[in-house]
Amino acid sequence: MQKTASLVIVGGGVMGCSLAYHLTQLGESQVVLLERGALCSGETAKSGGFVQTHWTSPHEVKLIHWSRQFFAEWAEPCLFRPIGYLHTTGSEREPVVRQVHDMLLALGFESHWLGPREVKKLQPLLRVDDLVGGAYEPQSGWVDPIRTTHFFGDAARQRGAHLHEGVRVLQIAHRDGKVQGVETDRGFISSPRVVLAVGPWTSQLHPTPGVPLPLIAKRGQVCYMTRPGGLPRTELTFYDEVTGLYTHPDGDTNLVGLDWHFEPVWGPDYYEREIDSDYLEAAHQALSHRFPSLSLARPVRGVVGLYDFTPDGHPIVDGPLGLEGYYVAAGFSGAGFKSSPALGLGLAEMILHGQPRTVNLDFLKLSRFDKP
Ligand SMILES: Cc1cc2nc3c(=O)[nH]c(=O)nc-3n(C[C@H](O)[C@H](O)[C@H](O)COP(=O)(O)OP(=O)(O)OC[C@H]3O[C@@H](n4cnc5c(N)ncnc54)[C@H](O)[C@@H]3O)c2cc1C
């Protein structure tokens with residue numbers, strides 16, 4: 001293993017690997033990435049891979065739009081399925097959904113408003129009697145998070161980066177306000193720049209208590225269910241405001257998720273990994289309501305993971321933070337995958353050029369939490 005590096009990335013999830021990809025693409029080849037397990041063994045592997053621009057913050061929408069174009073360009077290695085995204089609503093939430101739809105049009109992005117009859121035509125299996133319609137994005141869909149992470153990692157390696165698996169970072173070393181490197185369970189690596197991209201484990205390694213990060217890890221869950229009879233016929237990524245159900249087909253199963261409470265955990269390595277039976281029941285109920293012909297679906301797999309939340313639901317992608325050479329990318333609040341290409345590029349430009357050039361990351365600065 002190298003003893004020196006011009007930059008160390010800690011964490012081999014989609015964020016660390018996207019950063020390594022973009023840094024090496026911009027010409028920085030002396031990059032070392034350290035992952036304590038195997039690449040993509042953290043929260044990225046649990047991601048549903050939803051990529052849709054139907055999101056409330058215009059800043060974030062622009063990042064997702066940029067990323068969606070990236071996924072479309074690299075559709076094969078990332079396994080992008082642009083099968084469309086439909087976001088349905090009843091009358092109560094209609095204004096909110098229309099607001100996002102209008103915002104997307106104002107930004108010049110594609111979104112179509114469909115009435116119940118058009119919704120039914122698009123997806124005949126849907127029950128629509130309690131819906132007033134929905135917003136539809138034909139260009140969106142879902143992407144394989146594991147394939148994407150390995151795509152980023154492989155490309156970075158080919159351009160000279162060193163990605164080490166099975167190396168745990170114990171602490172970030174610093175002196176006189178400057179990063180010195182990282183202490184690992186395989187020895188010290190000297191480096192003037194270190195980026196923490198360790199998801200829910202960020203607070204464990206954050207070296208400057210004087211610059212606190214407002215992060216809290218919470219437990220969340222999704223499940224996969226069988227699709228009796230090969231249904232639904234129409235491929236679609238889908239969210240429903242009435243039931244809180246979200247789903248997309250994945251092989252011969254469907255990912256089935258539900259808006260559900262997130263629970264604080266004792267620590268990122270101490271939480272209940274078994275899916276809750278009442279969650280399974282409620283998810284099945286919501287699926288059967290919205291897709292009556294899927295009422296025979298049965299759960300085959302539960303996925304329980306951590307969401308690293310910030311108070312405003314936006315990540316912190318910023319640096320230097322309290323120390324020369326120290327950067328953080330964390331707090332993705334359950335939605336980091338869909339904008340990971342744009343975030344990796346923006347952070348790479350921030351590190352190499354002082355600020356992002358291609359995308360705007362101003363709204364992700366830690367200092368936003370200083371404001372009264
Ligand atoms: C159930 C679930 C579903 C989701 N669905 C979606 C979705 O549909 N769309 C979407 O956009 N987002 C989704 N997300 C969110 C998305 O998965 C995350 O925001 C994103 O994967 C975060 O990536 P990351 O690289 O920051 O973290 P991680 O993938 O967790 O990577 C961090 C890595 O750091 C490593 N690490 C930790 N400590 C150390 C150490 N001391 N030394 C070395 N390495 C260390 C870990 O092993 C891990 O591999 C979902 C999340 C969950 C949990």
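## Strand pairing around strand 14

Two strands pair if DSSP finds at least two bridges between them. In this predicted model, strand 14 and strand 19 meet that condition with 10 bridges, in the antiparallel sense. Strand 14 covers residues 216-226 and strand 19 covers residues 299-309. Across this pair, Tyr 224 of strand 14 has Arg 301 of strand 19 opposite to it.

Strand 14 has further antiparallel partners. With strand 17, residues 253-258, strand 14 forms 4 bridges, and Cys 223 stands opposite Val 256 there. With strand 18, residues 263-264, the pairing runs over 2 bridges. In that pairing, Lys 218 faces Pro 264 of strand 18.

## Two domains

The domain assignment divides the protein chain into domain 1 and domain 2. Domain 1 is made of the segments 7-45, 145-214 and 312-370, and domain 2 of the segments 82-139 and 216-309. Taken over C-alpha atoms, the centres of the two domains are 30 Å apart.

The contact between the domains involves 11 residues of domain 1 and 8 residues of domain 2. On the domain 1 side, these residues divide by class into 4 nonpolar, 6 polar and 1 charged.

## The shell around the ligand

How many residues surround the ligand, and which come nearest? There are 39 residues around the ligand, and the nearest are Gly 13, Gly 42, Gly 199, Gly 305 and Gly 336. The shell counts 17 nonpolar, 16 polar and 6 charged residues.

Both domains take part in the shell: domain 1 and domain 2 each give at least three residues to it. Among the secondary structure elements, helix 1 (14-25), strand 2 (31-35), strand 14 and strand 19 each supply at least two residues. Strand 19 provides the largest share, with 4 residues. Strand 19 is also the strand that pairs with strand 14 over 10 bridges.

## Helix 1 and helix 6

Helix 1, one of the elements that supply the ligand shell, also packs against another helix. The axes of helix 1 and helix 6, residues 145-158, come within 8 Å of each other and cross at roughly 35 degrees. The crossing of these two helices is left-handed.

From helix 1, the contact is made by Val 14, Cys 17, Ser 18, Ala 20, Tyr 21 and Thr 24. From helix 6, the residues are Pro 145, Thr 148, Thr 149, Phe 152, Gly 153, Ala 155 and Ala 156. By class, this contact has 8 nonpolar and 5 polar residues, and no charged residues.

## A sheet of three strands

Strands of a sheet pair through backbone hydrogen bonds, in either the parallel or the antiparallel sense. An open sheet in this model has 3 strands in the order 10-11-12, and its pairing is antiparallel. Strand 10 (169-175) and strand 12 (187-190) are the edge strands, each pairing on one side only. On average, and ignoring direction, neighbouring strands of this sheet are turned by 25 degrees against each other.

Strand 10 is joined to strand 11, residues 178-184, by 6 bridges in the antiparallel sense. Within this pairing, Val 182 of strand 11 is the bridge partner of Ile 172.

Note on methods:
Residues numbered from 1 in each chain as written. Predicted model: local features only at pLDDT ≥ 70, side-chain atom pairs only at ≥ 80, totals over all residues. Domains from an automatic or database assignment. Contact = placed C-beta atoms within 7 Å. Nonpolar A, V, L, I, M, F, W, Y, C, P; charged D, E, K, R; others polar. Near = placed C-beta within 6 Å. Axes fitted to C-alpha atoms, helices over the stretch in contact; angles between N-to-C directions. Left-handed = near helix turned anticlockwise from the far one by under 90°.
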